[in-house]
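Me: Pick one part of this model and walk me through it closely, then show me how the rest fits around it. I'd like the cut-offs spelled out as you go.

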Amino acid sequence: MKHRAVKRRSVVLGIGATAGVAAAGGFALSAQASGESGGSGAKASGASGALAFDKDAYTELTTTITDAAGDEHEVKYHFYKAITYVTKPVDEKYQSLNVSVPVEIDGKAVDATGAPILLANSVGGYMPSSVAEATGVGGGEMTGGPGGGAAGGASASASPSTSASASSGNSSGSGGVQSGGNAMVNAQGEMVNLGKLALVTGYVVVEPGARGRTLVDSDGTYYGTAPAAIVDLKAAVRYVRANKGRIPGNTDRIVSSGTSAGGALSALLGASGDSPLYDKYLKELGAADASDAVFASGDWCPITDLEHADMAYEWNWGANKLSSGSLVDRTVSKELSTAFADYQASLRLKAKGFGTVTARNLDEYLVKTYLEPSATKYLAALSDSARATYLAANTFITWSGGRAAFSWADFLTHVGARKKDTPAFDAFDLSSGENNLFGTGTTKARHFTLYSLRHEGSASARLPGDLPGKIDLMNPMHFIAKRNPARSKHWWIRVGTKDSDTSLTVVGNLALSLENLGDDVDAFMYWDGAHGSNEDPADFMAWIAKVTGYKMRSAK
């Protein structure tokens with residue numbers, strides 16, 4: 001989308017990339033460290049010097065944004081570009097953020113002083129994410145969209161993929177996002193940009209960059225592996241919180257969002273607010289002395305709970321063949337699936353009508369709580385003829401009294417090929433992105449589960465001492481289990497039912513664990529949706545207003 005520069009009040013200085021600088025030395029954390037449940041959320045705030053937000057350092061831009069209903073709006077906004085959010089950055093290209101503030105929508109002045117702030121990360125595949133070259137809102141690069149490659153993060157939408165007909169058995173025809181991609185796709189196969197939708201709704205948009213697993217300096221040191229990405233995003237939140245009264249918007253009403261690995265990091269931001277486990281890392285970067293808790297968390301297809309993801313994947317998709325038509329190693333699949341039963345039992349999650357949710361009733365829980373309601377909503381929205389066509393092509397569904405019913409086994413057959421071989425995440429040959437995520441120093445990739453480590457080595461092998469702590473720092477379930485008091489209390493969680501990038505249990509357990517704590521959880525699965533599906537972005541915008549209590553007002 002083209003932008004028209006209208007006014008520039010001051011020069012926005014460019015950043016100096018320091019990609020050749022290695023990250024600070026490693027820090028081994030104990031998984032049983034005291035006080036790990038999180039802080040009180042009462043950290044002092046206040047920025048000064050290098051971390052003080054300059055409210056006059058913006059470019060005024062005017063652009064046209066198409067909202068979720070398909071209507072175009074002219075939006076005038078102030079764009080603050082490439083603000084380094086720590087005083088001792090490792091790499092400013094990634095450790096910077098952009099801020100967009102609406103001032104006029106369709107010719108009507110907008111006062112965003114007390115508006116919610118959408119913290120929209122654009123991380124995909126735990127790869128590095130930069131907004132430094134963006135020319136306007138929504139400029140974080142979106143990758144892995146339908147057809148592959150970049151998905152046009154700076155544009156309102158990309159060319160939609162060919163929509164499938166109802167008779168094909170695919171409701172959305174979106175084509176989905178490639179594994180590791182961070183794009184969002186609606187039911188028509190068009191790109192969804194939450195930053196732009198938030199801006200046209202009247203919200204302030206903060207788009208942070210973050211280091212990622214593939215960054216390596218001239219000495220061969222990987223400086224974006226775990227926990228760099230979450231530490232950077234926390235530092236960005238601290239920057240915003242520290243600039244209360246300077247930065248436009250309500251800094252006590254930050255709502256994070258992300259998809260895929262970005263969805264996992266958004267969930268982690270929500271779960272781990274103000275945990276002291278990150279303090280040493282944040283201090284090394286010169287992060288602001290402020291809270292890093294976010295008010296609400298929006299998480300799409302989160303690739304998280306990584307140390308249990310191989311087990312969960314085999315429990316969920318173990319019976320499904322690969323796209324080649326072959327089955328994965330049955331012994332490995334069975335061993336991992338069996339191990340998942342112990343993990344599921346350890347969660348001690350309870351659901352109304354099911355009691356304790358274990359591996360024995362988890363399939364029924366997912367069917368009744370998510371899958372049948374999802375199919376019902378989809379089918380009910382179709383015309384009579386389109387519904388009849390879909391049901392004729394998908395005879396495993398019983399449609400009676402306006403409701404869909406089917407078995408877990410039939411659902412798995414409907415989904416078809418699984419995306420990943422086994423193990424899906426901690427690959428035996430260290431080839432997965434997650435192996436790289438847990439690399440360290442000049443070691444590109446490491447095993448992060450005992451199963452894969454011992455499969456490839458001795459039966460008595462142990463994980464390196466730094467790994468248990470780093471694994472905890474990357475998993476929201478760790479902080480939820482500790483009942484972190486500074487976690488978000490409002491959650492929007494989404495995934496497509498045909499998304500086999502990870503197990504559907506990841507979303508199911510994340511949502512149920514939060515519900516068991518009494519949090520406000522809005523979780524849903526998009527019927528036949530693939531990876532990166534976002535079929536109700538307008539509802540997300542309305543949800544933000546609801547949970548934050550915000551009513552957009554015009555400027556006087």
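Reply: Start with the outward side of helix H6: the face turned away from its buried side carries Thr331, Lys334 and Asp342, which are exposed. Here exposed means over 50% relative accessible area, buried means under 20%, and partly exposed is what lies in between, with a 1.4 Å probe and protein chains only. Bear in mind that this is a predicted model, where local features need pLDDT of at least 70, side-chain atom pairs count only at pLDDT 80 or more, and totals for chains, interfaces and linings use all residues. Residues are numbered from 1 along each chain as its sequence is written, and side-chain values use heavy atoms, with hydrogens and water left out.

Now flip H6 over. Its buried residues are Val332, Ser333, Leu336, Phe340, Tyr343 and Gln344. They sit on the same side of H6 because they cover an arc of only 105° around the axis, the arc being taken from the directions between the helix axis and the C-beta atoms. An α-helix has 3.6 residues a turn, so residues three or four places apart point the same way.

What do the buried residues of H6 pack against? Helices H5 (306-317), H7 (362-381), H11 (450-456), H13 (476-481) and H14 (504-516), where a contact means heavy atoms within 4.5 Å. Helices here are DSSP runs of H or I with at least four residues, strands are E runs of at least two, and both are numbered from the N terminus.

As for its length, H6 runs over residues 330-347, 18 in total, and spans 26 Å from first C-alpha to last, close to the 26 Å expected at 1.5 Å a residue; that expected span is 1.5 Å times one less than the number of residues. At the start of H6, a side-chain oxygen of Asp329 comes within 3.0 Å of the backbone nitrogen of Thr331. After the helix comes Arg348, with a positive phi near 55°.

H15 (residues 537-548) is a handy companion, with 12 residues and a reach of 17 Å, close to the 16 Å expected. Its buried set is Pro537, Phe540, Met541, Trp543, Ile544, Val547 and Thr548. These fall within an arc of 160° seen down the axis, so they line one face of H15. The buried residues of H15 pack against helix H1 (194-201) and several strands, including S6 (117-120) and S8 (254-259). Just after H15, Gly549 has a positive phi of about 70°.

Phe540 also turns up in the largest nonpolar core, where Val99, Phe406, Phe411 and Phe540 touch the most other members out of 147 residues. Such a core is a set of buried Ala, Val, Leu, Ile, Met, Phe, Trp, Tyr and Cys residues joined through side-chain atoms within 4.5 Å. Helix H2 (228-242) gives the most to this core, with 10 residues.

Zooming out, the protein has 15 helices and 16 strands, and buried residues make up 58% of its 556 residues.

Note on methods:
A polar contact is a pair of N or O atoms within 3.5 Å; within protein, one must be able to donate a hydrogen and the other to accept it, and residues adjacent in sequence count only if both atoms are side-chain atoms.
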